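Hi there,

Here is the structure I promised to pass on. Have a look at it first, and then read on for what turned up.

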Amino acid sequence: MPAVIAALTLLVTLVAPGLAGAQEPAPGNNYTIATDITFAPFEFQDESGKLVGIDMDLLAAIAEDQGFTYQVNPVGFDAALQAVTGGQANGMIAGMSITDARKATFDFSDPYFESGVQMGVLESNDSITSYEDLRGKSVAVKNGTEGATYAESIKDQYGFTTKYFADSSSMFDEVRTGNSAAVFEDYPVLAYGIKQGNGFKTVTDKVPGASYGFAVAKGQNAQLLQEFNTGLANLKASGQYDEILDTYLNSDASDDDNSILGLIKSTYPLLLEGLWLTIVLTVVSIAIALVLGAIFGLFRVSTNIVLRGIGTTYVDVFRGTPLLVQAFFIYFGIPAALDFQMSAFTAGIITLSLNAGAYMAEIVRGGILSVDKGQMEASRSLGISYLKSMQKVVMPQAVRTMIPSYINQFVITLKDTSILSVIGLAELTQTGRIIIARNFQSFNMWLIIGVMYFIIIMALTKLSNRLEKRINK
């Protein structure tokens, strides 16, 4: 554990000069606002990659009215909650229902939208027309939504079970696959998706729900909250508030080309940006992991019991905990404990580097142990020191066996970047989720993204094979 803490401290120290606290606004009333990114029509990306929606337009109009500036941190609903409570963001706007339970942790603005819940089923489903038809079935809901709250309140009465999902597109896909019978969703979200051609229909009347509010951490950022309330009141008085709602709630159905070729043509700039971030995250993380792997790998085979213990602890911790937990701990836990702000990119690099470094350490250890012990003994018998023998005799032979494993770890790390979407990094997988949230074309989009991953990974595999053949000549 001391080695892990030391490694984390060192990496955080390297990036600390560019970090700043988030509990209070920067000079000039500049705020960081966390949000979801797959909750159309409240927040989603348009074809150009710009964040739009009711929440985003309201926030922009209120900021202009009140004269403050802000940066949006689109991390997803669950992560946005943690970003605010952990000090990574000053406030949150993400179609968040105002509840008594949340009031214990957050201070809310005046309500800016009155929500409600409806049940939706596939257009082709004529067997479910009411809640009574759900008995013995399961329904899909989204974490933290009014739809989930309402479904939980009536599931015992009508005899159905609930399944939770992180985003709306996954929830709809659950019903498309036939694993769940219906969705319970906030009515504007369901209505918007139906207009965009998601293949669903509503079968129940709207049930009045809670109000949506802008949130800040309890007892923090009172000025931001006051500015939001004042700006919201001004927008309602001027009529701009109604114009924003009408833009999205009464929008026409999309006529975009959603064929595979049409999607490639319309989304390739965003996909290439996501692919580039995936590659950057992978290359930088692997470069750092190579260094960490070499250091801790040598520790693992050291004759010094202290160094060997440090190496073993580091490997056990990062191989023995899920990458998702590591990402949350590094992005939310460490900054909250040490009271500073860390960018999602920095947290992603640290997470991938430490995780891949643990596996690299085992590759180094395995490579060293694969060299016959007689090589070290012969070198030492000639009066060569242990470190010199390791450097000149053992490592050159060990590297030959490590190369394929290094390439394999590169591929694994590339795929692991997809997990970093939970902290808001728009790598290739997250980019796909963002696009699907807008057009609901999950099958075609995941097919396109899967092909992109396949091409990159096959190229790396071919490179590995060529390197292995050249080394073994």
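Which residues does Met-96 touch, not counting residues up to four places away in sequence? They are Phe-77, Leu-81, Arg-102, Phe-106, Phe-108, Tyr-112, Ser-211, Tyr-212, Gly-213 and Ala-215, where contact means heavy atoms within 4.5 Å.

A word on conventions before the rest. This is a predicted model, in which local features need pLDDT of at least 70 and side-chain atom pairs count only at pLDDT 80 or more, while totals for chains, interfaces and linings use all residues. Residues are numbered from 1 along each chain as its sequence is written, and side-chain values use heavy atoms, with hydrogens and water left out.

**Domains and cores**

The chain is divided into domain 1 (27-112 + 213-250), domain 2 (114-209) and domain 3 (260-472); these bounds come from an automatic or database domain assignment. Between domain 2 and domain 3, the C-alpha centres lie 39 Å apart. Eight residues from domain 2 and six residues from domain 3 take part in their contact.

Met-96 also belongs to the largest nonpolar core (buried Ala, Val, Leu, Ile, Met, Phe, Trp, Tyr and Cys residues joined through side-chain atoms within 4.5 Å). Buried here means under 20% relative accessible area and exposed over 50%, with a 1.4 Å probe and protein chains only. Of the 43 residues in this core, Met-92, Met-96 and Tyr-314 touch the most other members. Its largest share, eight residues, comes from helix H13 (344-369). Because domain 1 and domain 3 both give residues to this core, it lies between them. Apart from it there is another core, of 34 residues, including Leu-271 and Met-402.

**Helix H11**

Helices are DSSP runs of H or I with at least four residues, and strands are E runs of at least two, numbered from the N terminus. H11 (residues 305-319) has 15 residues, so at 1.5 Å a residue it should span 21 Å (1.5 Å times one less than the number of residues), and its end C-alpha atoms are indeed 21 Å apart. Gly-311, Tyr-314, Val-315 and Phe-318 are the buried residues of H11. They cover an arc of only 90° around the axis, taken from the directions to the C-beta atoms, which puts them on the same side of H11. The face turned away from that side carries the exposed residues Ile-305 and Val-306.

**Helix H7**

In H7 (residues 187-195), the buried residues include Tyr-187, Leu-190 and Tyr-192. Just after H7, Gly-197 takes a positive phi of about 85°.

Best wishes
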